[in-house]
Amino acid sequence: MTVQKSTKNKIIFFGTSDFAVPVLKTLIKNQYEIIAVVTQPDREAGRGYEKNTSPIKEMALKYGLKILQPERVKDAEFIKILKEMSPELNIVCSYGKIIPEEIIEIPKHKTINIHPSLLPKYRGSSPIQTAILNGDKETGITIMLMDKEMDHGPIIKNIKLKIKNYETIICQELLEYLAEKSADLLIKTLPDWLAEKITPREQNHNEASFTKIFIKENGKIYWNKTSDEIDRQVRALNPWPGTFCFWHNHETETTTRLKIIKTELPYITSSDMIDIMPNKKEGTVFKTLSSLMAIATLNDHIIIKEIQPEGKKIMTGKDFLNGYPEIIGKILT
RNA sequence: CGCGGGGUAGAGCAAUUGGCAGCUCGUCGGGCUCAUAACCCGAAGGUUAGUGGUUCGAGUCCACUCCCCGCAA
């Protein structure tokens with residue numbers, strides 16, 4: 001076995017989120033020399049405003065890699081540091097910030113980016129969620145040469161992937177799958193790229209589409225949508241930004257926020273035993289014959305597999321109904 | 001010191017002014033049934049997160065500690 005380890009492959013890795021972890025890990029295992037890891041600064045976040053470190057930073061710490069956390073990527077001092085390290089290649093993977101052209105051009109082999117979609121489709125920050133939200137049966141991974149526009153550069157290598165179980169897959173599963181495949185594709189592509197055997201080809205910009213940044217409000221469930229739409233919303237938007245609705249209890253005059261963690265379509269659950277009572281108003285909570293929690297939707301109903309009332313832990317819909325039987329027959333908003 | 005909810009049987013929840021710790025589900029045993037996630041009968045299962053305090057008496061009131069979670073960011 002010949003191991004390609006040399007100082008010629010000095011790489012700076014830009015990454016922040018979970019998606020980038022398998023990619024960085026594979027680079028390390030394949031003996032690439034990571035001379036620095038650039039990740040977003042620790043943020044005061046969460047309960048009590050404790051400092052949070054990114055998954056990539058944790059990994060860099062574990063492997064003793066040099067860590068850079070610039071507040072501003074365009075900062076002249078930061079760019080100077082990068083130049084002094086004289087990298088041969090920058091790899092960007094869910095870093096979360098726009099990288100200025102000046103940095104892109106530093107390494108001899110430029111800066112490449114891994115994007116979990118078949119570019120030019122689904123440019124932007126949420127290609128994975130969007131694929132699930134749209135019920136796509138296939139997606140892909142693109143490795144591209146970065147330019148100054150978002151996910152716009154020429155394609156180095158891409159791969160089309162079927163989404164198995166596209167009717168039930170959740171965001172986390174698709175993310176993990178694409179992350180593993182991204183790592184594979186990168187490792188296969190990197191030697192050729194570094195040997196300059198690949199000529200990037202321009203994207204067809206006419207076919208470009210863009211994904212939006214999801215905000216909390218996108219997680220609000222409207223029960224006057226179809227079961228299928230709601231199910232896709234729940235599968236796509238958990239854990240972030242999460243999907244939720246409200247239960248207004250008229251007796252106690254309280255409103256409880258309910259996070260809907262996991263749903264299932266009736267036909268998946270094998271609905272022949274299900275209590276199908278027609279004309280239930282959208283949002284009505286009821287119990288199926290097999291004691292599952294269900295909520296009426298525009299066209300039918302949806303099974304609530306997991307739910308989390310505010311201040312409580314995640315529980316099954318069945319447990320929820322055991323503890324809060326008074327909610328049966330009420331309408332959620 | 002950002003705001004807030006919570007810890008009671010294996011799970012989810014109750015418990016009035018402090019007064020025998022209950023409900024639904026699950027588990028185990030039995031019955032009914034062609035059959036069942038349905039129904040009937042019965043049983044097991046608790047140091048009420050911990051420490052100290054008030055009291056004739058504390059799940060409940062007071063103080064402190066530990067743990068879990070929602071919002072916001």
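This passage walks through how the protein meets RNA strand B and where Lys-97 sits. The model is predicted, so local features need pLDDT of at least 70 and side-chain atom pairs count only at pLDDT 80 or more, while totals for chains, interfaces and linings use all residues. Residues are numbered from 1 along each chain as its sequence is written, chains are lettered from A and ligands numbered from 1 in the order written, and side-chain values use heavy atoms, with hydrogens and water left out.

Around RNA strand B there are 20 residues, with Ala-45, Lys-312, Lys-313, Asp-319 and Asn-322 coming nearest (near means a heavy atom within 4 Å of the strand). Sugar and phosphate make up 57% of the RNA strand B atoms that come within 4 Å of the protein. As for individual atoms, a side-chain N or O atom of Asp-319 sits 2.6 Å from a sugar or linking oxygen of RNA strand B, and one in the side chain of Lys-216 is 3.1 Å from a phosphate oxygen of the strand. Gly-48 takes part through its backbone, where an N or O atom lies 3.5 Å from a base nitrogen of RNA strand B.

Turning to Lys-97, this residue lies in the loop between β6 (89–93) and α4 (101–104) (helices, H or I, of at least four residues and strands, E, of at least two are DSSP runs, numbered from the N terminus). Lys-97 counts as partly exposed because its relative accessibility is 22% (buried is under 20% relative accessible area, exposed over 50%, partly exposed in between, with a 1.4 Å probe and protein chains only). The Lys-97 side chain reaches the backbone oxygen of Glu-71 at 2.6 Å.

How values were computed
A polar contact is a pair of N or O atoms within 3.5 Å; within protein, one must be able to donate a hydrogen and the other to accept it, and residues adjacent in sequence count only if both atoms are side-chain atoms.
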